[in-house]
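User: Please take a close look at one part of this protein and walk me through its surroundings. I am new to reading structures, so keep the sentences short.

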Amino acid sequence: MFERFTTDARRAVTLAQGAAAALDADAIGPEHLLLALAHDEASVAGRALASVGVDHAALEDRVRAARRPDGPDPQ
């Protein structure tokens, strides 16, 4: 099935796999796909996220905080 994805979709999934591994996740979740899209500044999604002020490092920090057993810090 993966071979039926577009090149961009394959890249997003591959980057999401890396994000999940970096966060010690057992599976790829939507947060990993979001991190992958935000990281890929050459993609349409990456440019759209950057244009509304999404910062990849800050986003990764928020995902890490949300995965903590006690949950994210209230803001």
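Analyst:
**A close look at helix H2**

Start with one residue, Ala38. Setting aside neighbours within four places in sequence, Ala38 is in contact with Leu49, Val54, His56 and Leu59. Keep in mind that this is a predicted model.

Now step back to the whole chain. The protein chain has four helices and zero strands. Read from the N terminus, its elements run α-α-α-α. Helix H2 covers residues 30-39 and helix H3 covers residues 44-51.

How do two packed helices get described? The angle between their axes and the distance between the axes do the job. For H2 and H3, the angle is about 85° and the axes are 7 Å apart. H2 and H3 are therefore roughly perpendicular to each other, since angles of 65 to 115 degrees count that way. On the H2 side, the residues that meet H3 are Leu34, Leu37 and Ala38. Their partners in H3 are Ala45, Gly46 and Leu49. Sorted by type, the residues of this H2 contact with H3 are five nonpolar, one polar and no charged.

Next comes H4, which spans residues 56-67. H2 and H4 pack at an angle of about 170°, with 10 Å between their axes. That makes H2 roughly antiparallel to H4, because the angle is over 145 degrees. From H2, the residues Glu31, Leu34, Leu35, Ala38 and His39 take part. They meet His56, Leu59, Glu60, Val63 and Arg67 in H4. The residues of the contact between H2 and H4 divide into five nonpolar, two polar and three charged.

Ala38 appears in the H2 contact with H3 and in the H2 contact with H4. Ala38 also belongs to the largest nonpolar core. That core has seven residues: Ala19, Leu23, Leu35, Ala38, Leu49, Leu59 and Val63. H2 and H4 are the elements that give two or more residues to this core. In soluble globular proteins, nonpolar side chains tend to be buried together.

Finally, look just past the end of H2. Asp40 lies in the loop between H2 and H3. Is Asp40 buried or exposed? Asp40 is buried, because its relative accessible area is 11%, and under 20% counts as buried. The side chains of Asp40 and Arg11 are joined by a polar contact of 3.0 Å. Not counting residues up to four places away in sequence, Asp40 touches Arg11, Leu15 and Gly46. Gly46 is also one of the H3 residues that meet H2.

For the wider setting, buried residues make up 27% of the 75 residues in the protein chain.

Note on methods
Residues are numbered from 1 along each chain as its sequence is written. This is a predicted model: local features need pLDDT of at least 70, side-chain atom pairs count only at pLDDT 80 or more; totals for chains, interfaces and linings use all residues. Side-chain values use heavy atoms; hydrogens and water are left out. Axes are lines fitted to C-alpha atoms, for helices over the stretch in contact, and angles run from 0 to 180 degrees between N-to-C directions. Angles under 35 degrees count as roughly parallel, over 145 as roughly antiparallel, 65 to 115 as roughly perpendicular and the rest as oblique. Contact means heavy atoms within 4.5 Å. Ala, Val, Leu, Ile, Met, Phe, Trp, Tyr, Cys and Pro count as nonpolar, Asp, Glu, Lys and Arg as charged, and the others, Gly among them, as polar. A nonpolar core is a set of buried Ala, Val, Leu, Ile, Met, Phe, Trp, Tyr and Cys residues joined through side-chain atoms within 4.5 Å. Buried means under 20% relative accessible area, exposed over 50%, partly exposed in between (1.4 Å probe, protein chains only). A polar contact is a pair of N or O atoms within 3.5 Å; within protein, one must be able to donate a hydrogen and the other to accept it, and residues adjacent in sequence count only if both atoms are side-chain atoms.
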